[in-house]
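Please open the model in your viewer and keep the selection tool at hand. We will go from one residue to the whole chain and then back to a few details.

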Amino acid sequence: MDTTERVQRLRLLGEAGRAMNSILDPDELLARILELVEQFFRLDNCAILLFDPATATLRIRKSRGYPDEVVRAFAGRPGAPWASAGDP
């Protein structure tokens, strides 16, 4: 990783910190964090999963690049080996 790339990544981390301290709406904050994670890791698709205590599963709360039917249907069990290449 060259110096320019390191500076860019540090800038993105700083933006994430500012977002967490300034965006009060949870959906807006998750969308901004998802955008920054996508840029930081240069991802084509990514998702933020949150624990749903009613079903004891991880559900996709915000995503980019996944079909709507995948987002709606996905339910992972914490600790279970559910992730593989191409899965959220």
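Let's begin with a selection: is Thr57 buried or exposed? This is a predicted model, and in it Thr57 has a relative accessible area of 6%. Thr57 counts as buried because that value is under the 20% cut-off.

**Stop 1: around Thr57**

Colour strand 2, residues 57-64, and you will find Thr57 within it. Now show the side chains of Thr57 and Thr55: a polar contact of 2.6 Å joins them. Next, select the residues that Thr57 touches beyond four places in sequence. They are Leu50, Phe51, Asp52, Ala75, Gly76, Arg77 and Pro78.

**Stop 2: the whole chain**

Zoom out and switch to a cartoon view. The chain has 3 helices and 2 strands, and their order along the sequence is α-α-β-β-α. Along the principal axes, the C-alpha atoms fill a box of roughly 45 × 30 × 25 Å.

If you colour by burial, 26% of the 88 residues come out as buried. Turn on the surface next: the accessible area is about 6100 Å², and carbon and sulfur atoms hold 56% of that. For a contact map, consider the contacts with a separation of 6 or more: 24% of them link residues 24 or more positions apart.

Colouring by charge picks out 12 positive and 13 negative side chains. The centres of these two sets lie 3 Å apart.

**Stop 3: helix 2**

Select residues 26-41, which form helix 2. How far apart are its end C-alpha atoms? They are 22 Å apart, in agreement with the 22 Å span expected for 16 residues at 1.5 Å a residue.

Now show the buried side of the story: Leu29, Leu30, Ile33, Leu34, Leu36, Glu38 and Phe40 are the buried residues of helix 2. What do they pack against? Their partners are helix 1 (3-22), strand 1 (46-52) and strand 2, the strand where we found Thr57. Step just past the helix to Arg42, which follows helix 2 and has a positive phi, near 55°.

**Stop 4: Glu15**

Finally, move to helix 1 and select Glu15. With a relative accessible area of 16%, Glu15 is buried, because the cut-off is 20%. Leaving aside residues up to four places away in sequence, Glu15 touches Arg32 and Leu36. Leu36 is also one of the buried residues of helix 2, so keep it selected as you compare the two stops.

Technical notes
Residues are numbered from 1 along each chain as its sequence is written. This is a predicted model: local features need pLDDT of at least 70, side-chain atom pairs count only at pLDDT 80 or more; totals for chains, interfaces and linings use all residues. Side-chain values use heavy atoms; hydrogens and water are left out. Helices (H or I, at least four residues) and strands (E, at least two) are DSSP runs, numbered from the N terminus. Buried means under 20% relative accessible area, exposed over 50%, partly exposed in between (1.4 Å probe, protein chains only). A polar contact is a pair of N or O atoms within 3.5 Å; within protein, one must be able to donate a hydrogen and the other to accept it, and residues adjacent in sequence count only if both atoms are side-chain atoms. Contact means heavy atoms within 4.5 Å. Accessible areas come from the Shrake-Rupley method with a 1.4 Å probe; for residues, only the protein chains shown count as cover. Lys and Arg count as positive and Asp and Glu as negative; His and the chain ends are not counted. The place of a charge is taken as NZ of Lys, CZ of Arg, CG of Asp or CD of Glu. The expected span of a helix is 1.5 Å times one less than its number of residues.
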